[in-house]
Structure formats: structure tokens, C-alpha cells
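Reader: I'm new to this structure and would like a close look at a single part of it. Could you pick one and show me how the rest fits around it?

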Amino acid sequence: MNEVARLVVWVRGSVQGVGFRWFTRAKALEIGGLSGFALNLDDGRVQVVAEGSRDGCQSLLDWLQGVDTPGRVDGVTEIWDTPRGIYEDFAIR
């Protein structure tokens with residue numbers, strides 16, 4: 001059985017002004033079954049919150065850590081948590 005999970009990720013590097021949030025949303029929609037958001041932070045990082053199947057969240061995390069993201073990712077910090085169920089879709093904030 002595939003459990004439901006919440007993934008919170010902070011992505012460091014050159015990830016603002018390169019379409020990172022848009023591509024993250026597109027990837028989440030491609031994976032399917034994920035809700036949450038991608039948000040530019042004032043310190044230059046992008047925060048990504050995703051809720052859905054653990055496998056789906058892991059697929060998004062794998063993509064965020066991979067070489068196919070726009071810009072340049074220098075590091076990714078993630079926290080796994082219990083889903084809150086408050087997101088209707090995957091948004092860009």
C-alpha cells in the first residue's frame with residue numbers, strides 16, 4: 001500500500017528567475033495526484049510543499065535533486081511529514 005505523505009523541500013542555488021516554480025508545478029502535474037505549491041523565498045531559495053502518495057512525492061524529490069531542473073541546484077533539504085490535506089491543487093505562489 002502506498003501511504004500518503006507530505007514533503008517540504010528547500011532548494012538552494014540559482015533557482016529564481018529561471019522558471020523553476022513553473023517547471024516544478026508542471027512536473028507535479030505530470031506525476032499526478034500531488035497538491036501543494038512552489039514559492040520563491042526572500043533569501044533566494046525556492047520552497048516546495050507536496051502532498052500525495054509517498055511514491056509521487058519521492059518522484060518529485062528525485063526530479064528536484066536531478067540535473068533536469070532549470071537553473072542550477074546547489075542543494076536540497078527535505079522534511080517528510082504527515083499530510084494536512086489543505087491544498088486543492090499544485091500552485092505557484
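Author: One bit of vocabulary before we start: helices and strands here are DSSP runs, of at least four residues for a helix and at least two for a strand, and they are numbered from the N terminus. With those names you can place Gly-85, which is in the loop between β4 (72–81) and β5. Keep that loop in mind, as we'll end there. Also keep in mind that this is a predicted model.

Now the overall layout. The protein has two helices and five strands, and from the N terminus on they come in the order β-α-β-β-α-β-β. The C-alpha trace spans about 35 × 25 × 20 Å along its principal axes. For 93 residues, a compact globule would have a radius of gyration near 12 Å, and the protein's own value of 12 Å agrees with that. Of those 93 residues, 39% are buried. Contacts that reach a long way along the chain are plentiful here: taking contacts between residues at least 6 apart in sequence, 77% join residues at least 24 apart.

The part I'd pick is strand β3, which covers residues 46–53. Seven of its eight residues are buried, so β3 is largely enclosed by the rest of the structure. What is around it?

Start with strand β2, residues 35–40, which runs antiparallel to β3 and is joined to it by six bridges. Together β2 and β3 make a hairpin, with five residues between them. In the turn you'll find Gly-44, whose phi is positive, at about 95°. Asn-40 stands opposite Val-46 in β3. Further along the pair, Gly-36 has Ala-50 as its bridge partner in β3.

Ala-50 is a handy residue to hold on to, as it also takes us to strand β1: Ala-50 is the bridge partner of Leu-7 as well. β1 covers residues 4–14 and runs antiparallel to β3, with eight bridges joining the two. That gives β3 pairings with both β1 and β2.

Gly-36 leads on in a similar way, since its bridge partner in β5 is Phe-90. β5 is made of residues 90–92, and three bridges join it to β2, this time with the strands running parallel.

Back in β3, let's zoom in on Gln-47. Is Gln-47 buried or exposed? Its relative accessible area is 15%, and buried means under 20%, so Gln-47 counts as buried. Leaving out residues up to four places away in sequence, Gln-47 touches Val-8, Val-9 and Trp-10, along with Phe-37, Ala-38, Leu-39 and Leu-41. The C-alpha atoms of Gln-47 and Val-11 are separated by 6.4 Å, although the two residues are 36 apart along the chain.

Val-9 is a link to another buried spot. Besides touching Gln-47, Val-9 is in contact with Leu-61. Leu-61 belongs to helix α2, residues 54–65, and it counts as buried at 2% relative accessibility. Apart from neighbours within four places in sequence, its contacts are Leu-7, Val-9, Val-76, Glu-78 and Trp-80. Leu-7 is the residue we met as a bridge partner of Ala-50. Gly-71 is ten residues from Leu-61 along the chain, and their C-alpha atoms are 16 Å apart.

For contrast, return to Gly-85 in the loop between β4 and β5. Gly-85 is exposed, with a relative accessible area of 63%. From Gly-85 to Val-73 is twelve residues in sequence and 28 Å in space, C-alpha to C-alpha.

Finally, a look at the outside. The accessible surface of the protein comes to about 5100 Å², and carbon and sulfur atoms account for 46% of it. There are 10 positive and 13 negative side chains, and the centres of those two sets lie 4 Å apart.

Definitions and conventions:
Residues are numbered from 1 along each chain as its sequence is written. This is a predicted model: local features need pLDDT of at least 70, side-chain atom pairs count only at pLDDT 80 or more; totals for chains, interfaces and linings use all residues. Side-chain values use heavy atoms; hydrogens and water are left out. The radius of gyration is taken over C-alpha atoms; the globule rule is 2.2 Å times the number of residues to the power 0.38. Buried means under 20% relative accessible area, exposed over 50%, partly exposed in between (1.4 Å probe, protein chains only). Contact means heavy atoms within 4.5 Å. Accessible areas come from the Shrake-Rupley method with a 1.4 Å probe; for residues, only the protein chains shown count as cover. Lys and Arg count as positive and Asp and Glu as negative; His and the chain ends are not counted. The place of a charge is taken as NZ of Lys, CZ of Arg, CG of Asp or CD of Glu. Two strands pair if DSSP finds at least two bridges between them.
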